[in-house]
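User: I would like to go through this model with you and ask, for each label, what justifies using it.

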Amino acid sequence: LSDWSSDVCSSDLLTYSVAETAQVLGVSMPTVYRLIVRRLLRPLPHLRHKRIPKRQVQAFINGASNLE
């Protein structure tokens, strides 16, 4: 049980929830879900609640800033 809880904590440190992703990107939660549907963001598989890797969000931000 302790190994599982430490995995959850380390996962939480490396990922954002949909709400946290929306806040970091400065968009609404529905917009984050649209980005997921369009495969511009890819949440970790097999989790009940979507978690998006922080590295992926940063890469998205860097890519979006390159488009401007």
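The exchange below takes some labels applied to this predicted model and sets each against its cut-off.

User: What is the overall make-up of the protein, and in what order do the elements run from the N terminus on?

Analyst: The protein has four helices and two strands, and from the N terminus on these elements follow the order α-β-α-α-β-α. Of its 68 residues, 21% count as buried. Among contacts between residues at least 6 apart in sequence, 50% join residues that are at least 24 apart.

User: Why is the pairing of Arg51 and Glu20 called a salt bridge?

Analyst: The label requires a side-chain nitrogen of Lys or Arg within 4 Å of a carboxyl oxygen of Asp or Glu. The distance from N to O between the side chains of Arg51 and Glu20 is 3.8 Å, which is within the 4 Å limit, so the pair qualifies as a salt bridge. By this rule the count comes to one salt bridge. As general background, side chains of opposite charge can pair when their charged atoms come close.

User: What makes this pair a tie between separate parts of the chain?

Analyst: Arg51 lies in strand E2 (residues 51–53) whereas Glu20 lies in helix H2 (residues 18–25), so the pair ties together parts that are 31 residues apart in sequence. Leaving aside neighbours within four places in sequence, Glu20 is in contact with Thr15 as well as with Arg51.

User: How do you know whether Arg51 and Glu20 are buried or exposed?

Analyst: Arg51 has a relative accessibility of 14%, and because buried means under 20%, Arg51 counts as buried. Glu20 has 35%, a value between the 20% and 50% cut-offs, and therefore Glu20 counts as partly exposed.

User: Is Ser17 buried or exposed, and which residues does Ser17 contact?

Analyst: Ser17, which is found in strand E1 (residues 15–17), has a relative accessibility of 18%, and since the cut-off is under 20%, Ser17 counts as buried. Apart from neighbours within four places in sequence, Ser17 is in contact with Lys50, Arg51 and Ile52.

User: Which residues make up the largest nonpolar core, and what makes them a core?

Analyst: The core has nine residues in all, namely Tyr16, Val18, Ala22, Val32, Leu35, Ile36, Leu41, Ile52 and Val57. The term is used because a nonpolar core is a set of buried nonpolar residues joined through side-chain atoms within 4.5 Å. Helices H2 and H3 (29–37) each supply at least two residues of this core, and the largest share, three residues, comes from H3. More generally, in soluble globular proteins, nonpolar side chains tend to be buried together. Val18, a member of this core, touches Met29, Val32, Tyr33, Lys50 and Ile52, not counting residues up to four places away in sequence.

User: Why are H2 and H3 called roughly perpendicular?

Analyst: H2 and H3 pack at an angle of about 100°, with their axes 8 Å apart. Angles from 65 to 115 degrees count as roughly perpendicular, and therefore the label applies to H2 and H3.

User: Which residues meet where H2 packs against H3, and how do they divide into nonpolar, polar and charged?

Analyst: From H2, Val18, Ala19, Thr21, Ala22 and Leu25 meet Met29, Val32, Tyr33 and Leu35 of H3. The residues of this contact divide into eight nonpolar, one polar and no charged.

User: Why do Arg39, His46 and His49 count as exposed?

Analyst: Exposed means a relative accessible area over 50%. Arg39 has 57%, His46 has 82% and His49 has 58%, so these residues count as exposed. Arg39 is found in the loop between H3 and E2, where His46 and His49 also have their places.

User: What is notable about phi of Arg39 and of His46?

Analyst: Phi of Arg39 is near 65°, a positive value in a residue other than glycine. Phi of His46 is likewise near 65°, again positive in a residue other than glycine.

Technical notes. Residues are numbered from 1 along each chain as its sequence is written. This is a predicted model: local features need pLDDT of at least 70, side-chain atom pairs count only at pLDDT 80 or more; totals for chains, interfaces and linings use all residues. Side-chain values use heavy atoms; hydrogens and water are left out. Buried means under 20% relative accessible area, exposed over 50%, partly exposed in between (1.4 Å probe, protein chains only). Contact means heavy atoms within 4.5 Å. Axes are lines fitted to C-alpha atoms, for helices over the stretch in contact, and angles run from 0 to 180 degrees between N-to-C directions. Angles under 35 degrees count as roughly parallel, over 145 as roughly antiparallel, 65 to 115 as roughly perpendicular and the rest as oblique. Ala, Val, Leu, Ile, Met, Phe, Trp, Tyr, Cys and Pro count as nonpolar, Asp, Glu, Lys and Arg as charged, and the others, Gly among them, as polar.
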